[in-house]
Amino acid sequence: MAQLDFNVEKIEPVVLHGPDAVTQRDLMSPYVWKIRGQHPYAMMVRAVPKMDEEGNTGTIWYATSKDGLTYTATETPALVPGPAAEDAGGCEDPTVVALPDGSYVVYYTGVDAPHAHGELLYATGPSMNRLDKRGVAMGSTPS
């Protein structure tokens, strides 16, 4: 049996720069991974409307960083709600799989318009700015 020893050595803030549509919202469910290139850290993050805002439960944004602490988001979200009913209420909780050919699969929770139902959905693409929604990866059940 392997033992894991875990010690927090330092806590540092993570900063996200970008358009107001992401920086002025609450951020949740960050998923960070290493990539090749000038900015070796990548992040997908859910931008949630403030408590007093109406609308969707979130959009998913892509950002990169040189140091893993200061990120710059793209000008537009990578995944937005709709037009299909399965995620018309929001896109949440991104998880990224980088494939050997350089393309991506992004799994995320899609919330329906009345915010009553969510399912695990997925999108694929050659880059984060060219993702195509593919549908349900795992349907939810009444239980």
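Select tyrosine 107 to begin: in this predicted model its side chain is partly exposed, with a relative accessible area of 31%, and its place in the chain is strand E7, which covers residues 104–111. Keep Tyr107 displayed and add Val97, Leu99, Leu120 and Met138, since these five residues form a nonpolar patch on the surface, with about 390 Å² of accessible area together. With residues counted for a patch when they have over 30% relative accessible area and no salt bridge, the 31% of tyrosine 107 is the value to bear in mind here.

Now zoom out to the whole protein chain, drawn as a cartoon. The chain has 1 helix and 9 strands, and when read along the sequence these elements follow the pattern β-α-β-β-β-β-β-β-β-β. Its radius of gyration is 16 Å, close to the 15 Å that the globule rule gives for 143 residues, so the chain is as compact as a globular protein of that length. If you turn the C-alpha trace along its principal axes, the spans are about 45 × 40 × 30 Å. A surface display covers about 9,100 Å² of exposed area, of which carbon and sulfur atoms supply 53%, while 36% of the 143 residues count as buried. Among contacts between residues at least 6 apart in sequence, 40% join residues at least 24 apart.

Next, display the aromatic side chains. How many aromatic pairs does a search of the whole structure find? The search returns 4. One of them joins tryptophan 33 and tyrosine 62, a tilted pair with 6.2 Å centre to centre and 40 degrees between the planes. Tryptophan 33 lies in strand E2 (residues 26–34) and tyrosine 62 in strand E4 (residues 59–65), so this pair ties together parts that are 29 residues apart in sequence. Both rings sit under cover: tryptophan 33 counts as buried at 11% relative accessibility, and tyrosine 62 is buried with a relative accessible area of 14%.

Return to tyrosine 107 and add tyrosine 122, with which it forms another tilted aromatic pair, 6.2 Å centre to centre and with 35 degrees between the planes. Because tyrosine 107 lies in strand E7 and tyrosine 122 in strand E8 (residues 118–125), the pair ties together parts that are 15 residues apart in sequence. Tyrosine 122 counts as partly exposed, at 27% relative accessibility. Then select Tyr31, Trp33, Tyr62 and Tyr104 together, as ring pairs link these residues into a cluster.

From tyrosine 62, move to leucine 79, whose C-alpha atom is separated from that of tyrosine 62 by 9.0 Å, although the two residues are 17 apart along the chain. Leucine 79 is found in the loop between strand E5 (70–73) and strand E6 (90–98). Is leucine 79 buried or exposed? At 2% relative accessibility, leucine 79 counts as buried, and the threshold for that label is under 20%. Show the residues around it, leaving aside those up to four places away in sequence, and you will find that leucine 79 touches Thr59, Ile60, Cys91, Val106, Tyr108, Ala123, Leu131 and Lys133.

The last stops concern charged side chains, among which a search of the whole structure finds 4 salt bridges. Select aspartate 26 and lysine 50, where the closest N and O atoms are 3.0 Å apart. Aspartate 26 lies in strand E2 and lysine 50 in the loop between strand E3 (41–48) and E4, so the pair ties together parts that are 24 residues apart in sequence. Aspartate 26 counts as partly exposed at 32% relative accessibility, and lysine 50 is partly exposed as well, with a relative accessible area of 33%.

Then select glutamate 92 and arginine 46, whose side chains meet in a salt bridge of 3.3 Å, N to O. This pair links distant parts of the chain, with glutamate 92 in strand E6 and arginine 46 in strand E3, 46 residues apart. Here both partners are buried.

Finish with lysine 133, one of the residues that leucine 79 touches, and its salt-bridge partner aspartate 87, the closest N and O atoms being 2.7 Å apart. Lysine 133 is in strand E9 (residues 132–138) and aspartate 87 in the loop between E5 and E6, so that distant parts of the chain, 46 residues apart, are linked. Lysine 133 is partly exposed, with a relative accessible area of 32%, whereas aspartate 87 counts as buried at 1% relative accessibility.

Notes: Residues are numbered from 1 along each chain as its sequence is written. This is a predicted model: local features need pLDDT of at least 70, side-chain atom pairs count only at pLDDT 80 or more; totals for chains, interfaces and linings use all residues. Side-chain values use heavy atoms; hydrogens and water are left out. Patches are made of residues with over 30% relative accessible area and no salt bridge: like charges are joined within 9 Å, nonpolar side chains (Val, Leu, Ile, Met, Phe, Trp, Tyr) within 5 Å. Accessible areas come from the Shrake-Rupley method with a 1.4 Å probe; for residues, only the protein chains shown count as cover. Helices (H or I, at least four residues) and strands (E, at least two) are DSSP runs, numbered from the N terminus. Buried means under 20% relative accessible area, exposed over 50%, partly exposed in between (1.4 Å probe, protein chains only). The radius of gyration is taken over C-alpha atoms; the globule rule is 2.2 Å times the number of residues to the power 0.38. Contact means heavy atoms within 4.5 Å. Rings of Phe, Tyr and Trp (its six-membered ring) pair if their centres lie within 6.5 Å; planes under 30 degrees apart count as stacked, over 60 as edge-to-face and the rest as tilted.
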